[in-house]
There are 4 protein chains.
Amino acid sequence: MDKIEATILGGSGFSGAELIKLLAGHPFARLAAATSTTYEGRAVSDLYPGLDGLTELVFTKPDLEAAAAADLVFLALPHGQAHKLVPELRAAGPAKIIDLSGDFRLPADDYKKWYGQSHASPELLGEAVYGLTELNREAIAKASLIANPGCFPTGVILAGAPLFAGDLVKGDIIANCLTGVSGAGRAGTAATHFCRIDESAAAYKTGGAHQHTPEMEQALGPDARVSFTPILSPVSRGIYSIVTAELKSPATVSDLENRFADFYRNDHFVRILGPGKVPEMKATAGSNFCHIGLAVDKRLGRVTIVSAIDNLVKGASGQAVQNMNLMFGLEETAGLKTAGLYP
Amino acid sequence: MDKIEATILGGSGFSGAELIKLLAGHPFARLAAATSTTYEGRAVSDLYPGLDGLTELVFTKPDLEAAAAADLVFLALPHGQAHKLVPELRAAGPAKIIDLSGDFRLPADDYKKWYGQSHASPELLGEAVYGLTELNREAIAKASLIANPGCFPTGVILAGAPLFAGDLVKGDIIANCLTGVSGAGRAGTAATHFCRIDESAAAYKTGGAHQHTPEMEQALGPDARVSFTPILSPVSRGIYSIVTAELKSPATVSDLENRFADFYRNDHFVRILGPGKVPEMKATAGSNFCHIGLAVDKRLGRVTIVSAIDNLVKGASGQAVQNMNLMFGLEETAGLKTAGLYP
Amino acid sequence: MDKIEATILGGSGFSGAELIKLLAGHPFARLAAATSTTYEGRAVSDLYPGLDGLTELVFTKPDLEAAAAADLVFLALPHGQAHKLVPELRAAGPAKIIDLSGDFRLPADDYKKWYGQSHASPELLGEAVYGLTELNREAIAKASLIANPGCFPTGVILAGAPLFAGDLVKGDIIANCLTGVSGAGRAGTAATHFCRIDESAAAYKTGGAHQHTPEMEQALGPDARVSFTPILSPVSRGIYSIVTAELKSPATVSDLENRFADFYRNDHFVRILGPGKVPEMKATAGSNFCHIGLAVDKRLGRVTIVSAIDNLVKGASGQAVQNMNLMFGLEETAGLKTAGLYP
Amino acid sequence: MDKIEATILGGSGFSGAELIKLLAGHPFARLAAATSTTYEGRAVSDLYPGLDGLTELVFTKPDLEAAAAADLVFLALPHGQAHKLVPELRAAGPAKIIDLSGDFRLPADDYKKWYGQSHASPELLGEAVYGLTELNREAIAKASLIANPGCFPTGVILAGAPLFAGDLVKGDIIANCLTGVSGAGRAGTAATHFCRIDESAAAYKTGGAHQHTPEMEQALGPDARVSFTPILSPVSRGIYSIVTAELKSPATVSDLENRFADFYRNDHFVRILGPGKVPEMKATAGSNFCHIGLAVDKRLGRVTIVSAIDNLVKGASGQAVQNMNLMFGLEETAGLKTAGLYP
């Protein structure tokens with residue numbers, strides 16, 4: 001079989017680099033080009049020395065024509081660019097598209113409200129498939145435009161979906177999520193300075209201000225209202241979500257574990273941990289897995305679900321590759337059988 | 001003025017060491033002895049090299065008689081010992097007592113339920129004053145037995161007290177709290193191994209199982225029901241609490257900031273951060289301060305309060321010294337004017 | 001082709017777990033069993049949750065007969081056990097052996113001096129091949145007993161070998177090496193407590209007392225005298241070596257870079273960084289690569305070489321797999337094409 | 001007694017903030033102003049939230065006249081500014097000056113060579129006293145212009161001075177020094193990004209290129225040649241120096257410990273650790289202490305000295321305050337009796 005030929009527009013950020021890494025080890029895909037306006041002409045391994053010996057790729061100037069001629073384009077650009085580029089890309093060639101930004105995840109009015117821009121190609125929103133693989137596998141397999149989920153939504157939706165599917169909870173869902181600093185991107189700023197992050201923790205966009213909130217609610221269903229607080233944590237990678245909600249009727253933890261296990265019975269990358277186990281963030285670092293642990297507070301009638309993912313893998317580039325695998329008829333786990341870092 | 005003469009029973013753990021450090025720099029107190037069964041005969045600075053040059057103290061064998069002869073005894077023992085020792089101590093001499101364990105914080109039946117032991121001196125529970133300084137200042141000043149608060153309760157109660165005082169919220173309070181590893185104590189175990197903690201996060205005692213839950217509810221008032229999840233975080237010191245609840249009626253963030261500022265108007269160590277500011281855990285490390293930031297989610301009608309303290313200082317030994325200052329008529333801030341570590 | 005059947009004796013430590021991880025992803029090898037006296041009956045993924053979904057293996061009771069019936073046995077036991085076990089293993093079956101401990105690296109008298117035990121099978125020492133792959137490729141390919149190198153020696157020898165091969169330096173080699181905490185093993189002790197390691201650094205076995213010193217000197221050649229100081233560093237993985245020596249005659253940094261590039265021209269896993277570049281420890285974490293950077297101090301006539309490896313991969317289990325590949329006629333990089341963690 | 005009135009020019013960087021913190025707790029000094037061109041008008045505690053509750057100071061516009069009218073000016077500016085400012089300052093008023101930059105530490109030709117600028121006030125170099133307190137106490141007490149030492153030189157010189165004073169070593173001194181990230185300053189850049197530093201280590205200015213080299217050699221004496229390599233380490237604070245040299249004649253470690261203890265017999269802040277002890281970087285974090293441990297490698301005839309300091313305290317602002325104390329006849333330890341952070 002011919003390998004899938006892929007290109008990346010916006011390859012020099014952390015998500016782009018993670019895609020390059022995953023594609024370098026993928027048995028059935030080949031990365032033809034990764035573009036970067038800023039780093040054009042520089043070797044990928046120059047910016048990402050961990051890739052030295054694994055790729056000879058050099059960042060090239062963005063070229064829509066060339067990108068569109070490939071089988072697949074990954075868009076790993078900052079929010080606000082893809083919604084302008086996608087129509088041009090589709091006009092230029094047959095490539096399928098996986099967009100890792102927030103541009104195709106929300107209806108146009110929500111996009112405007114949460115991202116502060118009018119959407120430039122609202123006619124495509126109906127066609128874009130939300131790429132939370134475990135929830136939308138069939139649609140993804142047939143799609144030519146994927147809105148790849150955000151990192152926080154991936155962690156929270158995987159933790160919460162079985163609750164809403166089973167109509168188990170009422171009231172607000174509280175989601176407090178720790179994030180690794182790589183989620184803030186590659187730019188060095190006061191906010192990402194080691195001395196600020198180290199030995200610390202810092203919530204941000206408190207009070208429901210984070211743009212991932214509507215993405216979570218949309219995927220969880222019409223009844224979902226999510227009170228979401230992100231917390232910057234002194235680790236490089238990971239989303240660690242503490243999700244809690246009030247149960248509609250009493251349930252034991254093993255009832256719920258069974259429901260979750262059943263809900264995810266065909267999902268290799270979602271691991272429901274056994275009784276009494278709680279996910280450790282680090283165990284998913286570098287891998288495409290999502291670990292989920294459950295607990296019930298009988299006294300208060302609440303369920304608490306803890307989920308862990310790597311923000312750059314299952315929360316971005318790994319899930320993008322998982323979606324690519326589906327879109328091209330490959331085994332879903334191809335190129336993604338990497339263990340979490342432990343120790 | 002003569003200096004207060006203090007002793008510490010159980011001085012070799014992290015809380016004990018922090019007391020030694022604070023007392024070494026206290027202008028009006030003198031530490032006569034710190035005991036340790038395990039480390040008897042070893043210099044304090046041998047175990048805690050950061051104290052080299054600041055104290056010549058050598059750990060001595062526990063001696064109730066000698067301890068009780070001092071002005072004040074700090075009990076920095078593991079949970080489950082103080083409730084047996086206190087009657088003996090009081091029989092042996094006039095020393096006032098500040099107990100840093102959980103032994104005198106709850107009614108006898110709750111103690112049995114959450115700590116798994118029958119209380120050995122229930123007749124003293126009525127007399128013990130809960131040492132959350134900002135809430136109980138007058139009673140503390142007159143007390144001879146203080147139940148010094150737990151680290152998580154200190155962070156959560158300071159965040160939540162003005163809400164209950166003002167009858168502002170309804171439903172469950174959700175408190176997700178990050179803790180530094182020093183909260184797990186000085187013993188080296190699989191659970192405190194660097195390779196497990198580093199680059200990770202791990203919730204524990206999920207589902208409302210943590211023994212600090214009733215302590216929080218008791219201090220917040222009869223209507224308070226707290227869904228509390230502690231999360232071990234890769235920092236040495238700190239409690240970082242994300243507390244959220246549903247508002248009874250709409251309120252703006254500045255309404256609430258004003259209420260909090262008013263509630264804590266006489267409390268030097270509680271700092272209500274200005275509009276839009278969120279506490280950073282590290283800014284309180286090594287200090288007795290509690291930083292508090294507020295946010296309101298109008299859409300959901302919820303308030304989120306973030307508080308930061310150092311678990312060993314305001315969450316244990318610093319608050320103990322603050323209480324000592326009150327009990328002996330000193331300025332409340334004596335010996336506690338230390339800045340948080342930043343950077 | 002049939003897959004190589006491998007077993008691990010002592011699979012529950014960090015090196016054992018890393019072997020399990022590497023073999024789980026190896027295209028041409030199959031791990032038949034991993035033994036553990038302590039954790040017999042427990043799932044590997046129970047101890048190492050990062051392997052959940054990648055191996056179903058359960059730790060089994062050590063069984064020499066079964067182990068020896070495989071194609072290959074990895075010994076990942078603490079120092080001092082392999083030298084007693086190897087004769088029994090060889091009597092029990094045909095399996096080739098790769099020993100990850102220090103037991104077959106030194107002559108019997110040096111072993112006694114540095115490891116404090118008399119060697120139980122000195123007759124095998126002549127036959128054991130030192131498994132620093134890049135230096136002994138041909139002998140390794142034919143060997144049936146490999147003494148897999150220590151982590152510090154791997155980093156220092158790769159940094160220093162071209163200097164001695166070219167007779168370029170004189171006097172003592174100074175090797176100061178940072179190590180990740182995983183080098184201290186899986187046991188939780190006061191020495192591996194997060195609160196001791198975090199925000200710190202601690203040299204140990206100073207004054208030439210570390211048992212890896214003779215291993216370095218033996219591999220570098222008869223003229224090599226190494227002043228080696230290990231330093232425990234707040235990272236989980238990595239050996240970062242600063243090696244400096246006096247040049248016999250003036251040389252430019254590009255002279256030396258050329259010599260190093262030539263020396264390692266056939267060695268995929270050794271990367272000589274370009275002019276002006278210095279290795280970053282993290283770029284090799286999780287990979288089998290060794291990054292090397294050079295600098296010359298003209299004023300003092302000294303060369304400084306910096307090398308970075310992952311202590312558990314190139315410094316232990318990755319190199320063991322690399323040696324396995326050679327011993328069984330596979331491509332040397334099989335199962336080892338993993339990128340370093342970055343970010 | 002009237003308090004010393006001090007001002008800081010360049011108060012918003014890490015050294016400036018540490019000075020503000022130390023002076024806020026100093027019993028006999030008062031900080032009249034701290035200037036900042038960038039942050040003029042902003043509260044100090046806005047940039048450094050750890051100082052909230054301890055200072056009300058607001059950064060002001062630089063004003064030489066006002067500064068020079070104080071008793072003392074601390075210059076905490078980037079390298080290359082003080083050598084131009086000092087003549088103006090001295091013309092404007094009577095204030096004594098402590099310069100924390102490198103501008104007055106080297107002869108004019110060395111300054112040009114290592115800092116790349118011609119010195120603007122070479123006539124003052126003879127008068128400037130090098131402020132390594134323990135070595136120059138008498139001159140410092142009488143000085144009106146202090147060249148406060150660099151962080152690396154402080155760690156290395158304190159480790160090496162007794163060796164040269166006793167004529168004990170020959171050949172090159174090798175100094176490999178770990179540094180906390182705060183040494184890189186407050187600016188957020190790619191080099192200080194958490195994701196680059198975390199779980200890593202990175203040497204820089206290898207090959208003798210660091211400008212602190214001549215400062216070390218000058219203070220250690222005419223025979224000293226230092227091969228110095230700095231290594232960026234994943235901690236916020238600290239300089240951890242591994243210094244090794246060849247002994248001129250055999251010596252035991254207790255001989256050397258005695259010599260060091262004698263050399264520093266009047267120096268409260270220099271702690272020679274007992275037999276077999278090695279400094280831990282963290283034990284000096286936040287304090288003005290320097291911990292020193294010694295080891296002898298009999299086989300190679302070498303001594304290894306390990307020293308630990310906090311780069312911002314003993315390596316910068318703490319030593320500046322120590323010098324201030326001497327210059328104004330105060331007890332040397334005034335305002336500096338802070339313990340290192342441990343745990």
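Is C:Arg42 buried, partly exposed or exposed? With a relative accessibility of 36%, C:Arg42 counts as partly exposed, because that value lies between the 20% and 50% cut-offs. Keep in mind that we're looking at a predicted model here. The side chain of C:Arg42 meets that of C:Asp46 in a salt bridge, with 3.0 Å from N to O. C:Asp46 also counts as partly exposed, at 26% relative accessibility.

Now compare that with another salt bridge in chain C. The side chains of C:Arg105 and C:Glu215 come together at 3.0 Å, N to O. C:Arg105 sits in the loop between β4 (96-99) and α5 (108-115) of chain C, while C:Glu215 belongs to helix α9, so this salt bridge ties together parts that are 110 residues apart in sequence. C:Arg105 is buried, and C:Glu215 is buried too. Over in chain A, salt bridges with shared partners link A:Glu18, A:Lys21, A:Arg237 and A:Asp310 into one network. Count over all chains and you get 72 salt bridges.

Stay with helix α9 of chain C for a moment, since C:Thr213 is found there too, in the run of residues 213-220. C:Thr213 has a relative accessible area of 0%, so it counts as buried. A polar atom of its side chain lies 2.9 Å from the backbone oxygen of C:His210. Leaving aside residues up to four places away in sequence, C:Thr213 touches C:Trp114, C:Gly208, C:Val226 and C:Phe228, and also D:Arg299 from chain D.

Next, have a look at where chains A and B meet. On this interface, 44 residues of chain B are in contact with 44 residues of chain A. The two chains bury about 3800 Å² between them, and 54% of that is on carbon and sulfur atoms. Three residues, B:Glu199, B:Lys282 and B:Arg299, supply 15% of the area that chain B buries against chain A, more than any other three residues.

What about the polar side of this interface? Between chain B and chain A there are six salt bridges, and 20 residue pairs are in polar contact across the interface, with both residues at pLDDT 80 or more. On the chain B side, the elements giving two or more residues include β7 (169-179), α9 (213-220), β10 (239-247) and β13 (302-309). The chain B residues that touch chain A divide into 21 nonpolar, eleven polar and twelve charged.

Two of the cross-chain salt bridges are worth picking out. In one, the side chains of A:Arg196 and B:Glu280 meet at 3.0 Å, N to O. In the other, B:Arg302 pairs with A:Asp172, the closest N and O atoms being 2.9 Å apart. B:Arg302 lies in strand β13 of chain B and A:Asp172 in strand β7 (residues 169-179) of chain A, so this salt bridge joins two chains. Both B:Arg302 and A:Asp172 are buried.

Finally, turn to the aromatic rings. Over all chains, the structure holds 26 aromatic pairs. In the pair formed by B:Phe14 and B:Tyr48, the ring centres are 6.5 Å apart and the planes are at 70°, so the pair is edge-to-face. B:Phe14 is in helix α1 (residues 14-24) of chain B and B:Tyr48 in the loop between α2 (44-47) and α3 (64-68), so to speak of the pair is to speak of distant parts of the chain, 34 residues apart. B:Phe14 counts as buried at 8% relative accessibility, and B:Tyr48 is buried with a relative accessible area of 1%.

A second edge-to-face pair brings together B:Tyr342 and D:Tyr48, at 6.3 Å centre to centre with 80° between the planes. B:Tyr342 lies in the segment after α11 (313-327) of chain B, and D:Tyr48 in the loop between α2 (44-47) and α3 (64-68) of chain D, so this pair joins two chains. B:Tyr342 is buried, with a relative accessible area of 12%, and D:Tyr48 is buried as well, with 1%. Elsewhere, A:Phe14, A:Tyr48 and C:Tyr342 form one aromatic cluster.

Key: Residues numbered from 1 in each chain as written. Chains lettered and ligands numbered in written order. Heavy atoms only, no water. Contact = heavy atoms within 4.5 Å. Buried area = accessible area lost by both parts, 1.4 Å probe. Salt bridge = Lys/Arg side-chain N within 4 Å of Asp/Glu carboxyl O. Polar contact = N/O pair within 3.5 Å; in protein donor to acceptor, adjacent residues only side chain to side chain. Helix = DSSP H or I, 4+ residues; strand = E, 2+ residues; numbered from the N terminus. Nonpolar A, V, L, I, M, F, W, Y, C, P; charged D, E, K, R; others polar. Buried < 20%, exposed > 50% of the residue type's maximum accessible area, 1.4 Å probe, protein only. Phe/Tyr/Trp six-rings, centres within 6.5 Å; stacked < 30°, edge-to-face > 60°.
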